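Visitor: I should like to examine this structure with you. Please justify each term as it is applied.

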Amino acid sequence: MGEKGMIIKLPIIDLTAVDRRSTAASLRKACIETGFFYIVNHGVEKDLLQRLFDESKKFFELPVEDKMKLSRKEYRGYSAMFAEKLDLTSDTKGDPKETFYVGPLDDEVCNLNQWPSEELLPTWRPTIESYHRKILIAAKSLLTLIALALDLEDEMFFIRAKDSPMPFLRLLHYPGDLNCSSEEVLGASAHSDYGMVTLLATDGVPGLQVCREKDCYPRVWEDVPHIEGAFIVNIGDLMERWTNGLFSSTLHRVNPKGKERYSAAFFCDPPTDTVVECLESCCSESNPPRFPPICSGDYYRERFRLTYGA
């Protein structure tokens, strides 16, 4: 489980800093060393964040039969307790958490999103949509900084396509009454995220842990502290592939603390028809590409197949 009291100190990236070159340099260092960092001055108001968590709590408190009417289809909707298993090497039946996915809002697949009825939760959809749109602006700003950090000529590289990034919001609920006496009980088992970057908001209840060296055993886990007003950001697998392993897709998990916990993860992924291959600025004759080109959609489908067992 890692030694008691091991806390990681992560850098804080200011999205509104005037000196973008200096900020990009700090961001590059964070992505190379840990693949995790905080962002501040992201433009998402404290009030909106609180309303997001209030609405999330209202949904997860609904009777199971109401939630199951919105069961996950096309990567959107509700997943019940133990429905997914992020660590495929684990002997557990699945992760003890429940989730709700909301996909892109403004394109031709928008109608695939599922929403609780207005009779049940009258302010749920407008709150979720407001947050989704606001955090997407922050994510795009971050992705231009990442392009700068990678010495790309085009700062819009990761967002220039019509449907890029492909944004998914995932609301998460970890019950507080789990049997935490066993080290095997994890709210979210060890995993790395699939796409480019993830922006995570938490309700302040601790539990998130990272492992800097994913290929070393035994693994050393460090707690990520909550910072009021900051999002926790981590690099995903496809960004690691794009950067030839320069930027780290870091293992993380949620270790229950015996207290109910809510969080909201915002995933920024490339569109499903994107071919992800090593960036020119991340390879050379002495450092050839480590990963073959891959279609992002194929990568997502395989990861989801393994995670959900179908």
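Guide: We may begin with a definition: helices and strands are DSSP runs, a helix having at least four residues and a strand at least two, numbered from the N terminus. The model before us is predicted. In these terms, D151 lies in the loop between α4 (124-149) and β5 (166-174).

Visitor: How many helices and strands does the protein have?

Guide: The protein has six helices and 14 strands.

Visitor: What makes D151 exposed?

Guide: The term exposed requires a relative accessible area over 50%. D151 has 54%, and is therefore exposed. The backbone of D151 also has a positive phi, of about 60°, although the residue is not a glycine.

Visitor: Why is a positive phi worth reporting?

Guide: Most residues other than glycine have a negative phi. N41 is also not a glycine, and its phi is positive at about 55°. N41 belongs to the loop between β2 (36-40) and α2 (46-60).

Visitor: Why is N41 called partly exposed?

Guide: Partly exposed covers what is neither under 20% nor over 50% relative accessible area. N41 stands at 45%, so the term partly exposed applies.

Visitor: What makes the peptide bond from Y217 to P218 cis?

Guide: The omega of that bond is near -5°, and the bond is cis. Most peptide bonds, by contrast, are trans. P218 is situated in the loop between β8 (208-211) and β9 (222-223).

Visitor: Where is P288 found, and what does P288 touch beyond four places in sequence?

Guide: P288 is in the loop between β13 (275-276) and β14 (294-295). Leaving aside residues up to four places away in sequence, P288 touches N244 and C283. Its relative accessible area is 45%, so P288 is partly exposed. From P288 to F267 there are 21 residues in sequence and 29 Å in space, C-alpha to C-alpha.

Visitor: How do you know that C268 is in no disulfide?

Guide: The structure holds zero disulfides. For C268, the nearest cysteine sulfur is that of C31, at 13 Å, whereas a disulfide needs two cysteine sulfur atoms within 2.5 Å. C268 is also buried, because its relative accessibility is 0% and the term buried means under 20%.

Visitor: Why does C295 form no bond with C278?

Guide: The sulfur of C278 is the closest cysteine sulfur to that of C295, yet the two are 18 Å apart, which is too far for a bond. With a relative accessible area of 23%, C295 is therefore partly exposed.

Visitor: How do you know that the radius of gyration agrees with that of a compact globule?

Guide: For 310 residues, a compact globule would have a radius of gyration near 19 Å; the protein has 19 Å, so the two agree. The C-alpha trace spans about 60 × 45 × 40 Å along the principal axes. Of the 310 residues, 54% count as buried. Among contacts with a separation of 6 or more, 79% come from residues 24 or more positions apart.

Visitor: What belongs to carbon and sulfur atoms on the accessible surface, and how many side chains are positive and negative?

Guide: The accessible surface comes to about 14,600 Å², and 52% of this belongs to carbon and sulfur atoms. There are 37 positive and 48 negative side chains, and the centres of the two sets lie 2 Å apart.

Note on methods. Residues are numbered from 1 along each chain as its sequence is written. This is a predicted model: local features need pLDDT of at least 70, side-chain atom pairs count only at pLDDT 80 or more; totals for chains, interfaces and linings use all residues. Side-chain values use heavy atoms; hydrogens and water are left out. The radius of gyration is taken over C-alpha atoms; the globule rule is 2.2 Å times the number of residues to the power 0.38. Buried means under 20% relative accessible area, exposed over 50%, partly exposed in between (1.4 Å probe, protein chains only). Contact means heavy atoms within 4.5 Å. Accessible areas come from the Shrake-Rupley method with a 1.4 Å probe; for residues, only the protein chains shown count as cover. Lys and Arg count as positive and Asp and Glu as negative; His and the chain ends are not counted. The place of a charge is taken as NZ of Lys, CZ of Arg, CG of Asp or CD of Glu.
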